[in-house]
Amino acid sequence: PLRRQRQMCIRDRYEGYFGIRLRGDRLSLEPKLGRDSARIHVYFPANDGFAAYDYSFDEAENTITLLYNSNFPLDGLLKILIPRSEKTGKKEWLKRNIEVQIDGQQKDFRLETRNNDLFILIDTDFNNHTATISLNLNDS
């Protein structure tokens, strides 16, 4: 029973806070790190798969950088929690003041609200990529 509890706690942490989710044929990276930084690599022994990322938030530039990759063969989703501020609570303001790039190229995105949290959703494959999300928090 104790081993099962420990396994559940570990799974809750990598699926919740670190946000690595593999459901059937769908992989999503959903870090809820906000202003924290993390480097994570998770191995899925059942299918000999892995998912990895390096997440950082630059407070001075208001920029999230996510280096990510996986051997998962299908497209999936990045779902990134936007760090809270007075302005990021306003979805319409944020949609006009955000820039998303994958490997230096503009990328379409969607916004999703869950309770008081706001997420950026980006469709992607899981080759070796760098996602950069710039929040223009100085614009009124």
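This section describes the strand pairing, the nonpolar core and the surroundings of selected residues in a predicted model.

An open sheet of six strands is present, in the order β3-β4-β5-β11-β7-β8, with antiparallel pairing. Strands β3 and β8 (residues 105-106) occupy the edges; each has a single partner strand, so one side of each lacks a neighbour in the sheet. Strands of a sheet pair through backbone hydrogen bonds, in either a parallel or an antiparallel sense. At the β3 edge, seven bridges connect β3 to β4 in the antiparallel sense, and I40 has Y53 in β4 as its bridge partner. Strand β4 is in turn joined to β5 by eight bridges, again antiparallel, with A51 bridged to S70 of β5. At the β8 edge, β7 and β8 are antiparallel and share two bridges; Q101 is bridged to Q106 in β8.

Two hairpins link the strands at the β3 side of this order. The hairpin of β3 and β4 has four residues between the strands, and D48 adopts a positive phi near 55° there. The hairpin of β4 and β5 also has four residues between the strands, with N62 at a positive phi near 50°.

Y43 belongs to edge strand β3. With a relative accessible area of 47%, Y43 is partly exposed, because values between 20% and 50% fall in that class. Apart from residues up to four places away in sequence, Y43 touches D48, G49 and F50. Its side chain forms a polar contact of 2.7 Å with the side chain of D48, the residue that takes the positive phi in the β3 and β4 hairpin. The C-alpha atoms of Y43 and S70 are 9.8 Å apart, although 27 residues separate the two along the chain.

A further set of pairings involves β6 (residues 76-81). Strand β2 (residues 26-29) runs parallel to β6 and is joined to it by two bridges, with L29 bridged to L78 of β6. Six bridges connect β6 to β10, and these two strands are antiparallel; here G76 is the bridge partner of T124 in β10. Six of the six residues of β6 are buried, so the strand is largely enclosed by the rest of the structure.

T124 lies in β10, which spans residues 117-124. Its relative accessible area of 7% places T124 in the buried class, because that class covers values under 20%. The side chains of T124 and Y68 are joined by a polar contact of 2.7 Å. Leaving aside residues up to four places away in sequence, T124 touches Y68, D75, G76, L77, L78 and H129. Among these neighbours, G76 is also the bridge partner of T124.

The largest nonpolar core contains 32 residues, and those with the most contacts inside it are I20, Y53, Y68, L78, I120 and I133. Strands β2, β3 (38-44), β4 (49-58), β5 (63-70), β6, β7 (98-102), β10 and β11 (129-135) each contribute at least two residues to this core. Several of the most connected core residues also appear in the contacts above: Y53 is bridged to I40, Y68 makes the polar contact with T124, and L78 is bridged to L29. For I133, the contacts beyond four places in sequence are N62, T63, I64, I80, I98, E99, V100, I120 and I122. One of these, I120, is likewise among the core residues with the most contacts, and N62 is the residue with the positive phi in the hairpin of β4 and β5.

Note on methods: Residues are numbered from 1 along each chain as its sequence is written. This is a predicted model: local features need pLDDT of at least 70, side-chain atom pairs count only at pLDDT 80 or more; totals for chains, interfaces and linings use all residues. Side-chain values use heavy atoms; hydrogens and water are left out. Buried means under 20% relative accessible area, exposed over 50%, partly exposed in between (1.4 Å probe, protein chains only). A polar contact is a pair of N or O atoms within 3.5 Å; within protein, one must be able to donate a hydrogen and the other to accept it, and residues adjacent in sequence count only if both atoms are side-chain atoms. Contact means heavy atoms within 4.5 Å. Two strands pair if DSSP finds at least two bridges between them. A nonpolar core is a set of buried Ala, Val, Leu, Ile, Met, Phe, Trp, Tyr and Cys residues joined through side-chain atoms within 4.5 Å.
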